[in-house]
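Student: I have a new structure to look at, and I would like to learn how to read it. Could you walk me through it?

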Amino acid sequence: MSTILECKNLSKAYGNKTALSHIDLALESGHIIGLLGPNGSGKTTLIKLINGLLTPSEGELYIDQNPVGIESKKIVSYLPDHTYLESNLKVREIIDYFKDFYDDFDEIRAYDMLAKLQINPSDKLKTMSKGTKEKVQLILIMSRRAKLYVLDEPIAGVDPAARDYILDIILSNYDEDATILISTHLIADIENILDEVIFIKNGQIELTSSVDEIRESQGKSVDALFREVFKC
Ligand SMILES: Nc1ncnc2c1ncn2[C@@H]1O[C@H](COP(=O)(O)OP(=O)(O)OP(=O)(O)O)[C@@H](O)[C@H]1O
């Protein structure tokens with residue numbers, strides 16, 4: 001197992017507003033990790049730094065031993081918290097774009113997941129419900145053979161009945177030595193697939209732990225511990 005992501009004394013401020021403060025973090029490959037914290041705690045800021053959409057105010061960030069840049073972008077598959085796909089396109093046209101754009105895009109995997117979720121590749125995005133659009137975007141992101149998947153609120157718009165099914169599909173399609181970092185508020189829905197959690201509060205790491213450790217040492221679920229730690 002190797003370190004897929006490392007933050008050293010990482011800070012980010014927007015003007016005089018500190019969003020992340022002196023974060024030290026190392027993530028091992030081969031795990032599914034929940035990035036959990038209340039609104040405004042710094043999750044999206046960290047995710048944007050990982051993806052090179054923001055630059056640190058201080059400190060360093062390495063992905064698979066490389067600083068964030070062209071090399072790291074080749075191995076990170078990123079699902080942002082908003083839709084950016086052109087809504088006038090059909091799903092199969094977007095798949096063609098992804099194939100051209102990413103060497104590691106696995107078309108067969110994408111069509112297989114679409115079929116399992118009964119999404120017609122000939123449909124245009126603009127004809128789909130918000131939840132179905134989110135499913136399509138997630139399928140595209142998970143169809144890359146990336147080393148690190150970074151998912152910002154992946155199932156927020158998906159109905160509860162479909163969430164487990166989607167999570168199963170994600171799990172059955174990703175390589176076991178890859179890493180998934182998931183930011184979510186839907187902890188109870190997702191905690192069964194998590195190996196590790198990071199609790200983040202006011203831009204600082206409050207806790208990093210394996211899920212098993214939380215259950216064994218605290219005798220509670222991640223969701224219950226989160227509610228306790230972040231009680232308003
Ligand atoms: N562009 C910006 N300009 C100024 N402040 C910002 C900007 N983006 C985020 N912030 C601030 O940085 C802090 C962290 O925000 P961030 O979006 O990273 O939190 P989050 O944990 O992702 O929140 P949520 O769960 O609500 O999505 C917040 O206080 C937020 O107001």
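Tutor: We will take some features in turn, starting with the annotation and ending with the backbone angles. Keep in mind that this is a predicted model.

Student: Which residues does the UniProt annotation "domain: ABC transporter" cover?

Tutor: A record can label a stretch of sequence, and the model then shows how that stretch is folded. Here the unreviewed UniProt entry assigns "domain: ABC transporter" to residues 5–227. In the model, that span is 36% helix and 28% strand, and its end C-alpha atoms are 27 Å apart.

Student: How do I read the surroundings of the ligand, and which residues are there?

Tutor: Begin by listing the neighbours, then look at where they come from. Around the ligand we find Tyr-14, Lys-17, Ala-19, Gly-37, Asn-39, Gly-40, Ser-41, Gly-42, Lys-43, Thr-44 and Thr-45. Two elements give two or more residues to this shell: strand E2 (17–28) and helix H1 (43–50). H1 supplies the largest share, with 3 residues. By character, the shell divides into 7 polar, 2 charged and 2 nonpolar residues.

Student: Is helix H1 mostly covered or mostly open?

Tutor: For burial, we count the C-beta atoms around each residue; 20 or more others within 10 Å make it buried. H1 is mostly covered, as 6 of its 8 residues are buried. They are Lys-43, Thr-45, Leu-46, Ile-47, Leu-49 and Ile-50. After H1 comes Gly-52, which has a positive phi near 75°.

Student: Which residues of helix H9 are buried, and where do they sit on the helix?

Tutor: Looking down a helix axis helps with this. In H9 (residues 222–229), the buried residues are Val-222, Leu-225 and Phe-226. Seen down the axis, they fall within an arc of 100°, so they line one face of the helix. Their cover includes strand E3 (32–36), helix H7 (187–190), strand E9 (196–201) and helix H8 (211–218).

Student: In the largest nonpolar core, which residues touch the most other members?

Tutor: Here the contacts guide us. The core has 58 residues, and those touching the most other members are Ile-33, Ile-50, Leu-148, Tyr-149, Val-150 and Ile-180. Helix H5 (residues 130–142) gives the largest share of this core, 6 residues.

Student: Why is Leu-148 classed as buried?

Tutor: Leu-148 is buried because 21 other C-beta atoms lie within 10 Å. Leu-148 belongs to strand E7 (residues 148–152). Leaving out residues up to four places away in sequence, its contacts are Ile-4, Leu-5, Ile-63, Ile-75, Val-76, Ala-178, Thr-179 and Leu-181. Sequence distance can mislead, too: Ser-29 is 119 residues from Leu-148 along the chain, yet their C-alpha atoms are separated by 8.1 Å. With the same exclusion of sequence neighbours, Val-150 touches Ile-47, Ile-50, Asn-51, Val-76, Tyr-78 and Leu-181.

Student: What should I look for in the backbone angles?

Tutor: Most residues other than glycine have a negative phi. Against that background, Asp-64 is worth a look: though not a glycine, Asp-64 has a positive phi of about 50°. Asp-64 lies in the loop between strand E4 (58–63) and strand E5 (66–67).

Student: Where is Glu-153, and what is its phi?

Tutor: Glu-153 sits in the loop between E7 and helix H6 (160–173). Glu-153 is not a glycine either, and its phi is positive, about 55°.

Student: Are these two residues buried or partly exposed?

Tutor: Asp-64 counts as partly exposed, with 18 C-beta neighbours inside 10 Å. Glu-153 is partly exposed, with 19 other C-beta atoms within 10 Å.

Terms used
Residues numbered from 1 in each chain as written. Predicted model: local features only at pLDDT ≥ 70, side-chain atom pairs only at ≥ 80, totals over all residues. UniProt positions renumbered as here; feature names shortened; annotations may be inferred. Helix = DSSP H or I, 4+ residues; strand = E, 2+ residues; numbered from the N terminus. Near = placed C-beta within 6 Å. Nonpolar A, V, L, I, M, F, W, Y, C, P; charged D, E, K, R; others polar. Buried ≥ 20, exposed ≤ 12 C-beta atoms within 10 Å, placed from the backbone. Arc of directions from axis to C-beta. Contact = placed C-beta atoms within 7 Å. Core = buried A, V, L, I, M, F, W, Y, C linked by C-beta atoms within 7 Å.
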